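Please open the structure in a viewer and keep the sequence panel visible. The stops below are meant to be taken in order.

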Amino acid sequence: MNFLSLLQQQAGRLHEQIRGLLSANPSNDVLPLKQYQQLLCINLAYYRALERALTEQAAYLPGYDRLLQCRTPYLVADLLATGAPIPQQYPTYFASWSSWKLLGAAYVGEGLSTEAKEINVALQKSPLVPPMARISRFFNTSASHQAVESYVRVHAKGHEEEVFHGVQEALQLYSNLAHDPAVVQ
């Protein structure tokens, strides 16, 4: 199994976690407002930390377009549309990560948008979600998996193990965020 196939397999775990969050309600095709807000808060915590770390490591990732990972403005707009308060924390989960491990976290971040279609369908069917909140900015952004994969393929030669560890640790972090009462409010 090649390196990118291994990464894709690990990302499958993330998709299962997101589906688990979505199916916590008995009616899988409707997304309750509170559950949507929690999903947005989890992603906001993850992306705030990731974007900050990618900015700080930019010099070590030549040619990497970190703006591809810029999702915080979309998450803030989506939270505002739901009427939820914007968390003021700016977490530093990735502060001590190497640039190669951050690429693994970026890969996981791109995997988050693969569930967008299911989330958007569930939002449209949810009568308790305000109409403006049913048009998710975060879950309507296009994934840039190919750009991240291409960068890893070209630039991470010799660092595959570190990227892979970044994927594993990022998946664990995402799982922890989903169960952290301070994050999901």
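The tour goes from the whole chain to its confidence, then to two helix pairs and two cysteines.

**Whole chain.** Begin by displaying the protein chain of this predicted model as a cartoon. The chain contains eight helices and zero strands, so that its pattern along the sequence reads α-α-α-α-α-α-α-α. Switch next to a surface or accessibility view: of the 185 residues, 50% are buried. If contacts are drawn for pairs with a separation of 6 or more, 82% of them join residues 24 or more positions apart.

**Confidence.** Colour the chain by pLDDT. The average is 82, and 84% of the residues score at least 70. Select residues 3-22, helix H1, where confidence is lowest, with a mean of 68. Then select residues 72-82, helix H3, where confidence is highest, at 93. Where pLDDT is low, detailed reading of the predicted coordinates should be avoided.

**Helices H2 and H4.** Select residues 33-56 (H2) together with residues 99-111 (H4). Their axes come within 11 Å and cross at roughly 140 degrees. Because angles over 145 degrees would be needed for roughly antiparallel, this pair is classed as oblique. On the H2 side, show the side chains of Tyr-46, Tyr-47, Leu-50, Ala-53 and Leu-54, which make the contact. Their counterparts on H4 are Leu-102, Ala-105, Ala-106, Val-108, Gly-109 and Glu-110. The crossing of H2 past H4 is left-handed.

**Helices H4 and H7.** Keep H4 selected and add residues 160-178, helix H7. Here the axes come within 7 Å and cross at roughly 50 degrees, and the two helices are therefore oblique to each other. The handedness of this crossing is right-handed. Which residues of H4 and H7 make the contact? From H4 they are Trp-100, Lys-101, Leu-103, Gly-104, Ala-105, Tyr-107 and Val-108. From H7 they are Glu-162, Val-163, Gly-166, Val-167, Glu-169, Ala-170 and Leu-171. Ala-105 and Val-108 of H4 are worth labelling, as they are listed for the contact with H2 and also for the contact with H7.

**Cysteines.** Finally, select Cys-41 and Cys-70. Is Cys-41 buried or exposed? Its relative accessibility is 5%, and the cut-off for buried is under 20%, so Cys-41 counts as buried. Cys-70, with a relative accessible area of 28%, is partly exposed. With a sulfur-to-sulfur cut-off of 2.5 Å, the number of disulfides is zero.

Technical notes: Residues are numbered from 1 along each chain as its sequence is written. This is a predicted model: local features need pLDDT of at least 70, side-chain atom pairs count only at pLDDT 80 or more; totals for chains, interfaces and linings use all residues. Side-chain values use heavy atoms; hydrogens and water are left out. pLDDT is the predictor's confidence in each residue, from 0 to 100. Helices (H or I, at least four residues) and strands (E, at least two) are DSSP runs, numbered from the N terminus. Buried means under 20% relative accessible area, exposed over 50%, partly exposed in between (1.4 Å probe, protein chains only). Axes are lines fitted to C-alpha atoms, for helices over the stretch in contact, and angles run from 0 to 180 degrees between N-to-C directions. Angles under 35 degrees count as roughly parallel, over 145 as roughly antiparallel, 65 to 115 as roughly perpendicular and the rest as oblique. A crossing is left-handed if the near helix is turned anticlockwise from the far one by less than a right angle, and right-handed if clockwise. Contact means heavy atoms within 4.5 Å.
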